[in-house]
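Here is a set of short exercises to work through with the structure open beside you. Try each task before you read its solution.

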Amino acid sequence: PQPGQPLWQAALDGPGRGQPLLCGNKLLLAWGRRLASGGVMAFDPVNGTRLWATPPCSGSIEALACQERRVYYAVAGFLGRGARLACLDLADGRELWSCELSGTCFDPPLVEENRLYLACDDGLVHCLEIAHGSEVVHWPVQLVKGRLWLRRCAGQIVAISENGYAWPLDPLSGSRRLQTRWELGAPVTGPPAVAGEMLYFGAGQGNLLALNGRTGRCARWHRE
């Protein structure tokens, strides 16, 4: 191909959703429309050959994650019903298990050894057993609806709410530790980035926030 021209193109079963995900020797991408049908497709990253595609599901794909030989995707609910999480075999796209969720998960599930962590917009953070999707424990983080993000930081999992709060959760003991709540001082406007013990994210009122995931200390930078 000439410089600036695509190396390959591949047709999707619908509008692409989210960011492509490279897992082993496969390139994964979700497709669909918000609150409509959707699915997941796998391609060869070298030449774009379609390797497999899931049957269309009822509901849009809102989060996609992969580890080793498994793919996880969350399907949005509608009017508080129908949200679920599914696990696929990376080799052929075959569904291994699925489970209902209490709300819509907008952030990719966090995979930690034999546990799977995901945050729903109804305020619950779930810890699932990775083999079959059975629930180990859940944390009722917030009482109001809103997007939640989960990040592994400083030896624990930190839940960050778009409503301007964060909670440290202990993934080993299952301790809820909800007596610890860190107030960020501004609404969070996007997914956090992690570097060492620090989490960085944009916030309302033109702020960039830096949160220490171990101590909960928060620094704020504001552009004048």
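A polar contact is a pair of N or O atoms within 3.5 Å, where one atom must be able to donate a hydrogen and the other to accept it. Keep in mind that this is a predicted model.

**Exercise 1. Find out where confidence is lowest and where it is highest in the chain.**

Solution. Start with the whole chain: the mean pLDDT is 88, and 94% of the residues reach 70 or more. Then go element by element. Strand 20 (residues 218–222) has the lowest confidence, with a mean of 76, while strand 4 (residues 50–53) has the highest, at 97. A word of care: where pLDDT is low, predicted coordinates should not be read in detail.

**Exercise 2. Trace the side-chain polar contacts of Ser102.**

Solution. First, place the residue. Ser102 sits in the loop between strand 8 (95–100) and strand 9 (110–112). Next, list its neighbours: leaving aside residues up to four places away in sequence, Ser102 touches Cys120, Asp122, Leu124 and His126. Now apply the polar contact rule. The side chains of Ser102 and Asp122 are joined by a polar contact of 2.7 Å, and the side chain of Ser102 also makes one with the side chain of His126, at 2.9 Å. Finally, check accessibility: because its relative accessible area is 30%, Ser102 counts as partly exposed.

**Exercise 3. Decide whether His126 is buried or exposed, and follow its side chain to Glu135.**

Solution. His126 belongs to strand 11 (residues 124–129). The cut-off for buried is under 20% relative accessible area; His126 has 7%, so it is buried. Its contacts, not counting residues up to four places away in sequence, include Leu116, Tyr117, Val137 and His138. Glu135 is also among them, and the side chains of His126 and Glu135 make a polar contact of 2.6 Å. Together with the Ser102 contact from the previous exercise, this gives His126 side-chain polar contacts with both Ser102 and Glu135.

**Exercise 4. Work out which parts of the chain are tied together by the salt bridge between Glu112 and Arg152.**

Solution. Begin with the distance: the closest N and O atoms of Glu112 and Arg152 are 3.7 Å apart, and the cut-off for a salt bridge is 4 Å. Glu112 lies in strand 9 and Arg152 in strand 13 (residues 148–153), so the pair ties together parts that are 40 residues apart in sequence. Arg152 is partly exposed, with 34% relative accessible area.

**Exercise 5. Compare the accessibility of the two partners in the Asp121 and Lys145 salt bridge.**

Solution. The side chains meet at 3.4 Å, N to O. Asp121 is in the loop between strand 10 (115–119) and strand 11, whereas Lys145 is in the loop between strand 12 (135–140) and strand 13, 24 residues apart. At 13% relative accessibility, Asp121 is buried; Lys145, at 59%, is exposed.

**Exercise 6. Which residues are linked with Arg94 in a network of salt bridges?**

Solution. Take one pair to begin with: Arg94 and Asp92 meet through their side chains in a salt bridge of 3.7 Å, N to O. Then widen the view, and the network links Asp89, Asp92 and Arg94. Arg94 is partly exposed at 45%, and Asp92 is partly exposed at 41%. For the overall tally, the count comes to 9 salt bridges.

Key:
Residues are numbered from 1 along each chain as its sequence is written. This is a predicted model: local features need pLDDT of at least 70, side-chain atom pairs count only at pLDDT 80 or more; totals for chains, interfaces and linings use all residues. Side-chain values use heavy atoms; hydrogens and water are left out. pLDDT is the predictor's confidence in each residue, from 0 to 100. Helices (H or I, at least four residues) and strands (E, at least two) are DSSP runs, numbered from the N terminus. Buried means under 20% relative accessible area, exposed over 50%, partly exposed in between (1.4 Å probe, protein chains only). Contact means heavy atoms within 4.5 Å.
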